[in-house]
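The following exercises concern one protein structure. Please study the sequence and the model, then work through each solution in turn.

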Amino acid sequence: MTARRAGRLAARPHPAELRDQVHDNLRRLGLDRLDVVNLRMGGVESPEPGVIAEQFGALAELQQQGLIRHLGLSTVSAVQLAEAQAIAPVVCVQNLYNVARRADDALVDLTAAQGIAFVPYFPLGGFSPLQSGALHAVADRLGATPLAVALAWLLQRSPNVLLIPGTSAVAHLRENVAAAGLELPADALADLDAIGRGNPSTADEFGGGPRS
């Protein structure tokens, strides 16, 4: 759940807006309760600092009323996750994360230790699809496509990672499914890890602009 003002995402949605969105979704879907509602607080690229208790508390109240089964967070920091957990349990965190964008490595490990699902959005690069010589080299060695390898890396990154890659093409859907059965050997994992850990020879290959 988030809010829009003047055609853009509002950084701090008002609790009343969140409540209205929940009720609107219930009406449109014809449901008595939503299974999971994620509170999105940051921008597209990264979390934004600030307190989220007011917004998350509003959703927690709806959960207590039986309108929401589980609560999650999107585009948040570890500090904001802890703040929310002091109000109600959090079942999932959805942040930007892929083989090239690794700022949330520590958050992936933290959520895994707490039994919280981590759902990476833009797992294949989003607006700027993943392009890397190292990624293509690994794919060639394994006889797989680069996108399947990128998804397989995420699945092997941590057992709490849940993938929801979207596609409108049957061929890409097949790639997504193939990733689930692709086991990456240790040397491939090492090459892929170098992409997102500041190795200039690989990181520079992604070029400029937003790599979401």
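**Exercise 1.** Determine which residues L192 is in contact with, leaving aside its neighbours within four places in sequence.

*Solution.* Contact means heavy atoms within 4.5 Å. On this basis L192 is in contact with V99, R102, L135, V138, V149, W153 and L184. The model is predicted, so local features need pLDDT of at least 70, side-chain atom pairs count only at pLDDT 80 or more, and totals for chains, interfaces and linings use all residues. Residues are numbered from 1 along each chain as its sequence is written, and side-chain values use heavy atoms, with hydrogens and water left out.

**Exercise 2.** State how the axes of helix α5 and helix α6 cross, and identify the residues that make the contact.

*Solution.* Step one: the axes (lines fitted to C-alpha atoms over the stretch in contact) of α5, residues 133-142, and α6, residues 146-157, come within 8 Å and cross at roughly 95°. Step two: the two helices are therefore roughly perpendicular (65 to 115 degrees) to each other. Step three: α5 contributes L135, H136, V138 and A139, while α6 contributes P146, V149 and A150.

**Exercise 3.** Decide whether N98 is buried or exposed, and locate the polar partners of its side chain.

*Solution.* N98 lies in the loop between β5 (92-94) and α4 (105-113). Buried means under 20% relative accessible area and exposed over 50%, with a 1.4 Å probe and protein chains only. At 1% relative accessibility, N98 therefore counts as buried. A polar atom of its side chain lies 2.9 Å from the backbone nitrogen of A100, and a polar atom of the N98 side chain lies 3.0 Å from the backbone oxygen of F122.

Definitions and conventions. Axes are lines fitted to C-alpha atoms, for helices over the stretch in contact, and angles run from 0 to 180 degrees between N-to-C directions. Helices (H or I, at least four residues) and strands (E, at least two) are DSSP runs, numbered from the N terminus. Angles under 35 degrees count as roughly parallel, over 145 as roughly antiparallel, 65 to 115 as roughly perpendicular and the rest as oblique. A polar contact is a pair of N or O atoms within 3.5 Å; within protein, one must be able to donate a hydrogen and the other to accept it, and residues adjacent in sequence count only if both atoms are side-chain atoms.
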